[in-house]
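Work through the following exercises with the coordinates open beside you, attempting each task before reading its solution.

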Amino acid sequence: MADRLAVTFTGLRFPNPFLLSSAPPTESDANIMRAFDAGWGGVVTKTIGLHPVVNVDGPKTKFLRAHPDGQMSMKKRDGSALHSSWNWELISDKALDWWVPRISKIKKAYPDRILVASIMAGSGSDRELEHWQTLAKACQDEGADAFELNLSCPHMDRKDMGSNIGKDQEQISIVTQVVKDVARVPVWAKLTPSTTDIVVEARGAFLGGADAIVSSNTFPSIPLIDPESLEFEMNVDGLVSSGGLGGPAILPQSLAKMAQMTQAFPDGAFSGIGGVSNFGQALSYVLLGCGTVQVCTAAMLDHAIGPNIIKGLLQGLEEFLDRHADKGWKALEDFRGLRRDRVVTHSHIRRPAAKDYHGGHEAAEGYASSRA
Ligand SMILES: Cc1cc2nc3c(=O)[nH]c(=O)nc-3n(C[C@H](O)[C@H](O)[C@H](O)COP(=O)(O)O)c2cc1C
């Protein structure tokens with residue numbers, strides 16, 4: 001693998017900037033090692049916790065497709081295009097004891113690849129906070145290169161877990177600090193996109209000592225109702241609950257969240273996720289300032305771990321560097337963040353008659369008065 005594809009992110013040397021995100025593609029040692037064989041520079045394990053996990057009695061993930069006639073459905077039809085993934089899968093149903101020997105096995109077999117342990121516990125008591133430290137210590141002792149704190153799982157009923165913590169900047173700071181207290185490796189915070197101003201939560205993570213912010217986890221959503229059966233397209237006994245949307249549909253929304261954060265913290269480290277299946281899409285995250293990019297849905301649909309996706313990403317980056325060699329770009333760092341400052345407030349966008357425009361603040365530019 002060409003060295004020019006390598007990046008350094010939160011002090012870690014990655015052979016390339018592309019990672020499989022925490023999800024089914026990374027739920028086992030077998031999958032993770034296949035992913036490294038396929039060429040992924042890093043992998044984030046499926047989130048590891050200490051509480052017993054029991055998933056719903058039915059499919060955990062399905063894919064929503066846009067049909068040529070304008071319908072959208074989880075039913076696959078000729079000519080349909082992927083719109084999104086929808087899931088209500090919980091974190092890993094394997095115990096920490098199951099993961100521990102596998103982390104060291106993977107690291108011994110692939111010492112040059114980056115293995116990030118995604119971890120999650122609660123925050124409602126000292127005991128819960130200690131769980132974060134138990135998880136962190138166990139994973140780093142086995143060779144995990146970094147932690148990703150899951151502050152973003154969108155389908156937790158517990159108020160002190162997942163995206164419920166991720167909506168509270170103080171809880172984010174506390175949890176990050178608690179893990180930082182024991183961590184000998186970088187700590188990344190994976191935030192939920194489901195808040196009003198993600199800059200607030202990112203600030204909380206950085207204040208707690210986070211080395212990087214990761215975004216986005218899936219967006220809260222529910223499946224569509226089938227117009228024939230009048231049932232939700234995915235349900236158990238006719239019931240649904242809020243799950244997470246990933247894949248192409250979330251790319252523009254996730255980019256918007258990322259743009260807010262990379263502008264607010266231009267020196268911060270960011271890992272972009274959401275809707276990436278090819279290099280052009282990954283490039284948008286990099287041009288906004290991300291140093292690595294993660295993939296889930298596209299990999300799930302490509303032999304479970306994305307061999308063709310990573311091939312395309314690597315080839316795309318190689319070709320991009322060739323194409324822009326005349327600009328002196330030799331590596332990702334040379335163009336990272338190049339478009340970060342192009343996202344501006346609405347009033348900064350040029351108007352046809354610019355001299356008559358006063359930033360939308362003049363009374364005359366607003367709605368006409370009812371008395372006029
Ligand atoms: C079935 C499924 C399970 C997931 N499980 C986790 C998880 O355990 N921990 C986590 O941090 N994110 C989890 N995610 C979120 C993904 O890592 C990723 O953030 C999200 O799917 C957006 O990326 P994408 O558009 O490439 O799918 C899961 C996503 C899916 C589809």
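**Exercise 1.** Determine which residue of β15 is the bridge partner of S271, and place β15 among the strands it pairs with.

*Solution.* The partner of S271 in β15 is T292. This bridge belongs to the pairing of strand β14 (residues 270-273) with β15, in which 3 bridges join strands that run parallel; strands here are DSSP runs of E with at least two residues, helices are runs of H or I with at least four, both numbered from the N terminus, and two strands pair if DSSP finds at least two bridges between them. Strand β3 (residues 18-20) is likewise joined to β15 by 3 bridges and runs parallel to β15, with F18 bridged to V293. The model is a predicted one, in which local features need pLDDT of at least 70 and side-chain atom pairs count only at pLDDT 80 or more, while totals for chains, interfaces and linings use all residues. Residues are numbered from 1 along each chain as its sequence is written.

**Exercise 2.** Assign the side chains of β15 (residues 292-295) to their directions, and state whether they are buried or exposed.

*Solution.* In a regular strand the side chains alternate between the two faces of the sheet. T292 and Q294 point one way from β15, whereas V293 and V295 point the other way. All of them are buried, a residue being buried if 20 or more other C-beta atoms, placed from the backbone, lie within 10 Å of its own, exposed if 12 or fewer do, and partly exposed in between.

**Exercise 3.** Describe the connection from β14 to β15, and find what the buried residues of its helix pack against.

*Solution.* Taken with helix α8 (residues 279-288), β14 and β15 make a right-handed β-α-β unit; right-handed signifies that, with the strands pointing away from the viewer, the path from the first strand over the helix to the second runs clockwise. Helix α8 is mostly covered, with 8 of its 10 residues buried, among them F279, L283 and Y285. The buried residues of α8 pack against β3, α7 (251-264), β14, β15 and α10 (307-323). Just after the helix, G289 takes a positive phi of about 125°.

**Exercise 4.** Why does the radius of gyration of the protein agree with that of a compact globule?

*Solution.* The globule rule is 2.2 Å times the number of residues to the power 0.38, with the radius taken over C-alpha atoms. With 372 residues, the rule leads to a value near 21 Å, and the protein has 22 Å, which agrees.

Terms used. Contact = placed C-beta atoms within 7 Å.
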